[in-house]
Amino acid sequence: RVNPDQRDARNPDQAHRGRKVLGARVLSGFSGGPGKWKGGPLYDPETGNGAGSGTLALDNPDTLKVQGCIASFLCKTQTWRRAR
């Protein structure tokens, strides 16, 4: 369960550390589809890390593979599942 009052405490920009995580933009600038998108940047509020570019791949209607890269060879992938 997500805490609706959780703050962006790990953001490297001190000005954003007090903002709520709920509603914060974590993906932007993506284009493509219907099954794969490329773009960026991406932001992970759990770690405060960001990536300049990435890809999104729809495995099935309930599963999205999210890959963020800080260099073409240095990438991390997460699997996101649709919330019920």
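L74 counts as partly exposed, because its relative accessibility is 46%, a value between the 20% limit for buried residues and the 50% limit for exposed ones. L74 belongs to strand 7, and together with I70 and F73 it makes a nonpolar surface patch of about 380 Å². Please keep in mind that this is a predicted model. The points below start with the sheet that holds strand 7 and then move on to its pairings, to T63 and to the nonpolar core.

**The sheet as a whole**
- Five strands come together in an open sheet, and their order is 1-2-5-6-7.
- The pairing in this sheet is antiparallel.
- Strand 1 (31-32) and strand 7 (74-81) are the edge strands; each has a single partner strand, so one side of each is left without a neighbour in the sheet.

**How strand 5 is paired**
- On one side, strand 5 (residues 53-60) pairs with strand 2 (residues 36-39) in the antiparallel sense, over four bridges.
- One place to look for this pairing is K36, whose bridge partner in strand 5 is A57.
- Strand 5 is also joined to strand 6 by seven bridges, and these two strands run antiparallel.
- To find this second pairing, look at S53, which has C69 of strand 6 as its bridge partner.
- The link from strand 5 to strand 6 is a hairpin of two residues.

**T63, in strand 6**
- T63 is found in strand 6, which covers residues 63-71.
- With a relative accessible area of 13%, T63 is buried, since the cut-off for buried is under 20%.
- Leaving out residues up to four places away in sequence, T63 touches A57, L58, T79, W80 and R81.
- A57 is thus a residue to meet twice: it is touched by T63, and it is the bridge partner of K36.

**The nonpolar core and V66**
- Six residues make up the largest nonpolar core: F30, L42, A51, L56, L64 and V66.
- As a general background, nonpolar side chains tend to be buried together in soluble globular proteins.
- V66 is in contact with two other members of this core, L42 and L56.
- Beyond its neighbours within four places in sequence, V66 also has contacts that include L27, T55, K76, T77, Q78 and W80.
- W80 appears in both contact lists, that of V66 and that of T63.

Note on methods. Residues are numbered from 1 along each chain as its sequence is written. This is a predicted model: local features need pLDDT of at least 70, side-chain atom pairs count only at pLDDT 80 or more; totals for chains, interfaces and linings use all residues. Side-chain values use heavy atoms; hydrogens and water are left out. Buried means under 20% relative accessible area, exposed over 50%, partly exposed in between (1.4 Å probe, protein chains only). Contact means heavy atoms within 4.5 Å. Two strands pair if DSSP finds at least two bridges between them. A nonpolar core is a set of buried Ala, Val, Leu, Ile, Met, Phe, Trp, Tyr and Cys residues joined through side-chain atoms within 4.5 Å. Patches are made of residues with over 30% relative accessible area and no salt bridge: like charges are joined within 9 Å, nonpolar side chains (Val, Leu, Ile, Met, Phe, Trp, Tyr) within 5 Å. Accessible areas come from the Shrake-Rupley method with a 1.4 Å probe; for residues, only the protein chains shown count as cover. A salt bridge is a side-chain nitrogen of Lys or Arg within 4 Å of a carboxyl oxygen of Asp or Glu.
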